[in-house]
Amino acid sequence: MHVTDHVVEVPLDWFDETDSRRITVFARELVDPIRRRDDLPLLVFLQGGPGGKGPRPTGPDGWVGTMLATHRVILLDQRGTGRSSALRGRHLAALGDAAAQAEHLSHFRADSIVADAEHVRRTLFGGRRWESLGQSYGGFLTLTYLSRAPEGLSACYVTGGLAGLEADATEVYRRTYPRTAAKNARFASRFPDDVARLARIADRIAVGDVTLPDGDTLSVRRLQTLGMDFGMKPGFERVHWLLDEAFDHGDEDLSDTFLSEVRDLTSYRTNPLYAVLHESIYASGHGATGWAAERVRAEHPEFSPEARPLLFTGEMIYPWMFEEIAGLRDFRGAAEELARREDWTTLYDLDVLAANEVPVAAAVYYDDMFVDAHLSLDTASRVGNVQALVTNEFEHDGLRTGDVLERLLPLVDQQGGPLRDA
């Protein structure tokens with residue numbers, strides 16, 4: 001791969017010309033070395049998340065290799081991540097009190113990310129239309145892009161990320177918990193011996209005095225969050241092998257190997273914005289998210305830390321995380337403010353989306369633990385020019401583990417191919 005790094009300065013607040021605050025946005029351009037001087041179509045990758053940086057490829061393989069055969073690929077670090085003015089806990093204190101911190105963080109949502117992408121397209125790539133590939137939250141970004149700047153897009157590919165256009169965080173989690181319970185049932189069927197092993201682990205943690213290598217006290221509810229991996233193709237196997245080494249032979253205390261891996265999997269050190277901004281991605285217009293995952297959890301006592309068999313949770317962010325997890329504590333006040341915030345920008349323009357002319361090919365994973373397939377199909381029916389590939393062959397990581405993109409490309413070709421610049 002021939003690699004070019006780009007850094008541009010952008011406003012923190014794209015929608016207030018009187019605001020002088022600035023941040024930087026980073027984008028990495030990849031091209032086949034043999035074709036680096038060719039006039040190739042552009043593809044911008046919209047990373048999952050929120051709070052996700054662009055991938056760091058080690059070679060022209062997977063979907064990157066597929067697209068490098070015909071395109072220049074642009075990997076964007078979303079604002080606040082990677083090399084795009086990454087936001088760390090230690091940076092927040094300089095911003096003022098919790099209200100000021102939350103105000104700052106409110107500028108790191110889909111509308112601002114789309115404005116950043118448009119600035120990169122116009123200033124670095126001559127304003128040519130480009131294609132987009134949106135993975136997971138990148139599909140949410142795609143819908144905002146189509147709402148706010150469709151003139152920048154020639155075609156869109158979405159993998160597991162057609163958001164519900166009007167579903168708030170409460171509705172999302174009312175749909176998510178039953179799907180997560182179903183994943184737990186499948187895990188128990190796949191690895192029946194792990195049910196008792198997990199109960200033994202939880203009972204030992206409940207006694208107290210279980211400390212992770214970074215000094216955090218491990219709670220049962222933090223242990224439950226390992227179920228996040230159930231949404232990925234090899235997730236059951238990864239969790240199984242983690243539980244398999246929870247105890248050394250003949251030892252009643254949890255092993256160093258287990259505790260180290262739990263710390264790494266649940267620390268949020270590398271992606272704190274995922275937790276801080278998570279529920280706000282469902283806020284569009286007026287209404288507070290109000291810790292929706294925590295409120296809806298109360299409707300599902302089977303997910304209680306005291307319940308046996310113990311169930312894992314999934315893609316849920318809870319207020320207690322900002323107390324128990326060292327990597328999130330600096331964000332606690334801001335997260336509380338964001339949960340109370342009622343006035344949010346509108347992310348989707350339903351009329352513009354209904355009249356959309358940009359060809360869109362979207363993979364909907366029918367058994368997706370993270371993004372409800374029924375909401376995705378409703379969105380597909382309400383956005384113009386969407387072709388949906390519905391499958392249960394893959395989990396949420398089908399872009400990385402399967403041939404999903406190769407199946408989506410012909411769907412756009414069948415619509416006449418990407419739009420061309422005038």
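User: What makes the joining of the side chains of D229 and R238 a polar contact?
Analyst: This is a predicted model, and in it the contact comes out at 2.7 Å. The cut-off for a pair of N or O atoms is 3.5 Å, so a value of 2.7 Å qualifies.

User: Where is the place of D229, and which residues does D229 touch beyond those up to four places away in sequence?
Analyst: D229 sits in the loop between helix 8 (220–224) and helix 9 (235–244). Leaving out residues up to four places away, D229 touches G235, R238 and V239.

User: Does D229 count as buried or exposed, and why?
Analyst: Buried means under 20% relative accessible area. D229 has 19%, so D229 counts as buried.

User: Why is the pair of F230 and F312 called edge-to-face?
Analyst: First, the pairing itself: ring centres have to lie within 6.5 Å, and these two are 5.3 Å apart. Then the angle: edge-to-face needs planes over 60 degrees apart. The planes of F230 and F312 are at 75°, so the label fits.

User: Which parts of the chain does the pair link?
Analyst: Distant ones: F230 is in the loop between helix 8 and helix 9, while F312 is in the loop between helix 12 (292–297) and helix 13 (321–324), 82 residues apart. F230 is buried at 1% relative accessible area, and F312 counts as buried at 1% too.

User: What makes the aromatic pair of W291 and F322 tilted?
Analyst: The centres are 5.7 Å apart and the planes are 50° apart. Stacked needs under 30 degrees and edge-to-face needs over 60, so 50° lands in the tilted range. This pair also links distant parts of the chain, with W291 in the loop between helix 11 (272–277) and helix 12, F322 in helix 13, and their positions 31 residues apart.

User: How do you know whether W291 is buried or exposed?
Analyst: W291 has a relative accessible area of 14%, and the limit is 20%, so W291 is buried. W291 also has a positive phi, near 55°, although W291 is not a glycine.

User: What makes R200 count as a charge over the face of F247?
Analyst: R200 lies 3.7 Å from the ring centre of F247, and the distance limit is 6 Å. R341 lies over the face of W344 as well, at 5.1 Å from the ring centre.

User: Why are the buried residues of helix 10 said to be on the same side?
Analyst: Those residues are F258, L259, V262 and T266. They cover an arc of only 95° around the axis, so they share one side of helix 10. D256 and D264 are exposed on the other side. The buried residues pack against helix 7 (193–207), helix 8 and helix 9.

User: Why is S85 called partly exposed?
Analyst: S85 has a relative accessible area of 24%, and partly exposed runs between 20% and 50%, so S85 belongs there. S85 is in the loop between strand 4 (72–77) and helix 2 (89–92), and its phi is positive, near 45°.

User: Where is there a cis peptide bond?
Analyst: One joins G49 and P50, with omega about 10°. Another runs from R308 to P309, with omega near 5°.

Terms used
Residues numbered from 1 in each chain as written. Predicted model: local features only at pLDDT ≥ 70, side-chain atom pairs only at ≥ 80, totals over all residues. Heavy atoms only, no water. Helix = DSSP H or I, 4+ residues; strand = E, 2+ residues; numbered from the N terminus. Buried < 20%, exposed > 50% of the residue type's maximum accessible area, 1.4 Å probe, protein only. Polar contact = N/O pair within 3.5 Å; in protein donor to acceptor, adjacent residues only side chain to side chain. Contact = heavy atoms within 4.5 Å. Phe/Tyr/Trp six-rings, centres within 6.5 Å; stacked < 30°, edge-to-face > 60°. Lys NZ or Arg CZ within 6 Å of the ring centre and 35° of its normal. Arc of directions from axis to C-beta.
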